[in-house]
Amino acid sequence: MTNVHAPMQASKLDNYNSQRGATAYKSDYGKKLHRKLSDKRERALLCRYFAEIGRVDTILDMPCGHGRLSGLLHGHCRKLIEADWSFTMVDLNRKDHGEQDRAYFRASALEIPLQDRAVDVVVSFRLSHHLETQDLREQHLRELFRVAGKAVIVTWFSATSLKNVLRQVRVRLTGKKPKNVLRNDRVRAIAAAAGFQHLRSKPLFLIGSGHVLGMFVRRD
Ligand SMILES: C[S@@+](CC[C@H](N)C(=O)[O-])C[C@H]1O[C@@H](n2cnc3c(N)ncnc32)[C@H](O)[C@@H]1O
């Protein structure tokens, strides 16, 4: 069962909404090696991408979670907007990072309550692979492109990654649940239809992860 506004598997969503789950997600990044490694790589790629985009006026980070990337993103803009479906995550984030040059709100990334091109850059990390259907994953992308005036930096789980190819074998042999993936060419097509050009995409890791970090810039 899923929530219509935040259609992540209900148990996962309940976890992010709970104090225990939100705090555990935050502390995982300080303790678990694979989390530390992926955090380091994501930060390195984000810095590389922002070196090309330059400093901007506004960034929307959605979903922001507990604000893992808040400090880094804040260094690249005048105002950082932090948004998430979980009230608990938004509260935790606000307590840790304060109000100076930052705004916070609770909303779904599938229906972002902002006008077209309301912010310069939209960053959306680690949500796509939680969305249960292809339609929802595509809707999420279209919302990011709608709201961004200059650029979108987004992660998705690549259908052609080694991790997904191996998972597909297990799906066939053992009936394991398939990953929530997107084809890279489909992401580029959705970007192009929204007026964006694909500038870069890099895998988080070639082995052991199927996540891709893509950067798209508005053409006009
Ligand atoms: C894996 S965490 C990623 C958080 C942050 N982007 C990061 O990389 O640390 C996923 C987040 O998505 C939020 N979420 C789930 N469904 C959402 C939706 N439809 N709209 C906005 N946020 C959502 C959860 O509350 C959770 O904070």
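Author: Helices, of at least four residues, and strands, of at least two, are DSSP runs numbered from the N terminus. The model discussed here is predicted.

Reader: Where is P63 found with respect to such elements?

Author: P63 is in the loop that joins β1 (56-61) to α4 (70-74).

Reader: What is the conformation of the peptide bond from M62 to P63?

Author: As a general idea, most peptide bonds are trans. The bond that leads from M62 into P63 is cis, its omega being near 5°.

Reader: How should one read the sign of phi at R117?

Author: In general, most residues other than glycine have a negative phi. R117 is not a glycine, yet its phi is positive, at about 55°. This residue sits in the loop between β3 (102-106) and β4 (119-124).

Reader: What is the phi of R126, and where is that residue found?

Author: R126, again not a glycine, has a positive phi of about 65°. Its place is the loop between β4 and α6 (134-147).

Reader: Are R117 and R126 buried, partly exposed or exposed?

Author: Buried means under 20% relative accessible area, and exposed means over 50%. R126 has a relative accessibility of 13% and therefore counts as buried. R117, with a relative accessible area of 44%, is partly exposed.

Reader: Which helix holds G21, and is G21 buried or exposed?

Author: G21 belongs to helix α2 (residues 19-31). With a relative accessible area of 3%, G21 is buried.

Reader: How far apart are G21 and T88 in sequence and in space?

Author: The two residues are separated by 67 residues in sequence, while the C-alpha to C-alpha distance between G21 and T88 is 9.2 Å.

Conventions. Residues numbered from 1 in each chain as written. Predicted model: local features only at pLDDT ≥ 70, side-chain atom pairs only at ≥ 80, totals over all residues. Heavy atoms only, no water. Buried < 20%, exposed > 50% of the residue type's maximum accessible area, 1.4 Å probe, protein only.
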